[in-house]
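This report describes one molecular structure for a reader who has not met it before. The sequence and the model come first, and the description follows.

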Number of protein chains: 2
Amino acid sequence: MNRSVHILMTMTLGRPLEFNPEHALDAAMEVFWCKGYEATSLADLLAAMHLSKSSLYQTFGGKQELFQKCLLRYQDRFARELTVQLNHAPSGLQFIRSVFEWVASTAQEPAGAKGCLVANSANEFGQRDPVFAKPIAQGLQRLEAIFTAAVKRAQQEGDVAASADRTALARYLVSAMTGLRTLIKSGLDLRSAGAMVPLIMKAVR
Amino acid sequence: MNRSVHILMTMTLGRPLEFNPEHALDAAMEVFWCKGYEATSLADLLAAMHLSKSSLYQTFGGKQELFQKCLLRYQDRFARELTVQLNHAPSGLQFIRSVFEWVASTAQEPAGAKGCLVANSANEFGQRDPVFAKPIAQGLQRLEAIFTAAVKRAQQEGDVAASADRTALARYLVSAMTGLRTLIKSGLDLRSAGAMVPLIMKAVR
DNA sequence: TGACATATGAACCGATCGGTCCATATACTG
DNA sequence: CAGTATATGGACCGATCGGTTCATATGTCA
């Protein structure tokens with residue numbers, strides 16, 4: 001591999017970007033997160049991302065592709081964050097509880113009104129659009145995988161019966177999570193949200 | 001009150017409608033139910049309702065008003081159905097379980113892919129649109145009220161601790177319901193959906 | 001400096017959006 | 001029959017939709 005090829009692969013020729021693609025992606029994600037896919041227009045995105053239409057198409061490809069990128073970006077960030085939390089948690093059970101307590105704490109806050117991008121998208125599209133069905137299912141899957149790991153740890157720590165069906169429990173937690181977020185998104189008050197956590201946890205113990 | 005006034009109030013003058021407003025409303029509800037509000041176009045509605053644009057506007061007022069009518073219609077029908085079920089159920093607890101078992105049974109079926117119009121709308125709009133926030137909140141409220149009645153009955157029947165917080169429990173059930181529907185909408189398999197019901201019920205017992 | 005490669009903004013595209021208007025059709029009334 | 005009130009279909013509206021094209025700006029390289 002000669003030098004010129006190496007340069008071609010590691011640096012961009014021509015005029016450099018005037019914006020940070022990562023930041024722009026974050027801005028787009030925020031808009032999709034708040035308004036959903038259908039209700040978000042190109043104009044909304046351009047305004048939030050601070051770039052021109054041609055830049056958006058050249059860099060991200062279009063509305064659909066941009067949304068897919070945002071969806072994956074959201075998953076990655078969310079999954080990484082939860083994994084870190086799980087690793088730092090005193091116990092698997094504590095991790096699960098603290099996740100729900102954090103979600104409950106977003107009640108009546110802007111963060112709560114946005115919901116979860118994956119859950120929002122799951123509700124907006126279901127399996128209607130084959131283009132989005134896969135990344136959405138994958139997002140739910142990843143959340144389930146984290147809960148599965150947490151339940152497994154809780155079982156090893158003796159907080160959950162070893163005989164319990166990890167997968168079923170993890171799926172239940174995903175369901176409980178999205179349900180709680182839906183209610184919070186609809187304006188559930190903080191007290192009620194908090195009261196829901198121990199009820200949700202009953203299925204785990 | 002003379003005869004002519006009476007006639008004016010009880011029957012319509014001029015050319016009669018060529019369609020059944022109730023049926024048309026059902027058709028519109030179906031479309032909104034499947035695709036959501038934003039993704040549904042006037043053309044979609046006209047095709048499903050089998051009427052012309054002018055008829056739609058004259059009879060129902062426009063997309064927003066039509067959606068609101070559908071939302072209320074859905075609530076009424078759903079609430080009435082559940083109330084009947086509750087009255088016929090052998091016990092409050094059995095009612096709750098059977099509702100969840102019915103929802104779980106829609107997994108991998110067209111009915112499951114549609115979700116619940118109220119839950120769908122709650123997720124699509126949250127509190128973003130003040131025009132829809134009220135009917136959506138009302139829909140969730142009505143479901144909660146039914147669950148509250150069921151829990152109350154279960155308490156009287158000794159299946160639920162008398163000391164339990166009925167309202168909190170009812171809200172939990174609404175949350176569990178919407179969560180389950182979200183997952184089913186995303187393609188959860190029938191077996192997994194069924195396995196979730198006893199876990200959900202753990203919070204009640 | 002000049003060749004080159006990419007980025008950018010603005011003009012432009014056809015399609016579709018939700019919504020209005022009006023001429024005509026169709027019923028009931030006297 | 002004429003008069004009246006409503007329903008209907010189709011033409012039409014401006015706005016916006018997502019997307020494309022292209023001339024120009026701006027950087028790197030030899």
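A residue is called buried if 20 or more other C-beta atoms lie within 10 Å of its own, with C-beta atoms placed from the backbone. By that rule, α5(A) has these buried residues: Leu66(A), Phe67(A), Cys70(A), Leu71(A), Tyr74(A) and Gln75(A). The model is a predicted one.

**Chain A**

Buried residues account for 40% of the 205 residues in chain A. The secondary structure of chain A consists of 11 helices and zero strands, and along the sequence the pattern reads α-α-α-α-α-α-α-α-α-α-α. Measured out along its principal axes, the C-alpha trace of chain A spans about 60 × 45 × 30 Å. Of the contacts in chain A with a separation of 6 or more, 66% are between residues 24 or more positions apart.

The helix α5(A) has 26 residues. From its first C-alpha to its last, α5(A) reaches 37 Å, which is close to the 38 Å expected at 1.5 Å a residue. The cover over the buried residues of α5(A) includes α2 (21–35), α4, α8 and α9 of chain A.

**The two protein chains**

Between the chains, 38 residues of chain A are in contact with 38 residues of chain B. On the side of chain A that touches chain B, at least two residues each come from α8 (117–125), α9 (130–156), α10 (166–185) and α11 (190–201) of chain A. The helix that gives the most to this side is α10(A), with 13 residues. Sorted by class, the side of chain A that touches chain B holds 19 nonpolar, 13 polar and six charged residues.

A turn of 180° and a shift of 0.0 Å along the axis lay chain A on chain B with an RMSD of 0.0 Å. That relation is the one of a two-fold axis. Gly179(A) is the residue of chain A that comes closest to the rotation axis, with its C-alpha at 1.9 Å. The copies meet through the same surface, because 100% of the interface residues of chain A are also interface residues in chain B.

**The DNA strands**

Around DNA strand C there are 28 residues, of which Gly14(A), Arg15(A), Glu18(A), Ser52(A) and Ser41(B) come nearest. DNA strand D is also surrounded by 28 residues, and the closest are Arg15(A), Gly14(B), Arg15(B), Glu18(B) and Ser52(B).

Elements of both chains supply these surfaces. Near DNA strand C, at least two residues each come from α4 (53–60) of chain A and from α1 (3–10), α3 (42–49), α4 (53–60) and α5 (63–88) of chain B. Near DNA strand D, two or more residues are given by α3 (42–49), α4 and α5 (63–88) of chain A together with α4 of chain B. The helix that gives the most to the surface near DNA strand C is α4(A), with four residues. For the surface near DNA strand D, the largest share is four residues, from α4(B).

The table sets out the classes of residue in the two surfaces.

| Surface | Nonpolar | Polar | Charged |
|---|---|---|---|
| Near DNA strand C | 10 residues | 12 residues | six residues |
| Near DNA strand D | 11 residues | 11 residues | six residues |

How values were computed:
Residues are numbered from 1 along each chain as its sequence is written. Chains are lettered from A and ligands numbered from 1 in the order in which they are written. This is a predicted model: local features need pLDDT of at least 70, side-chain atom pairs count only at pLDDT 80 or more; totals for chains, interfaces and linings use all residues. A residue is near a molecule or strand if its C-beta atom, placed from the backbone, lies within 6 Å of it. Ala, Val, Leu, Ile, Met, Phe, Trp, Tyr, Cys and Pro count as nonpolar, Asp, Glu, Lys and Arg as charged, and the others, Gly among them, as polar. Two residues are in contact if their C-beta atoms, placed from the backbone, lie within 7 Å. Copies are superposed by least squares on the C-alpha atoms of residues with pLDDT of at least 70 in both. A residue is buried if 20 or more other C-beta atoms lie within 10 Å of its own, exposed if 12 or fewer, and partly exposed in between; C-beta atoms are placed from the backbone. The expected span of a helix is 1.5 Å times one less than its number of residues.
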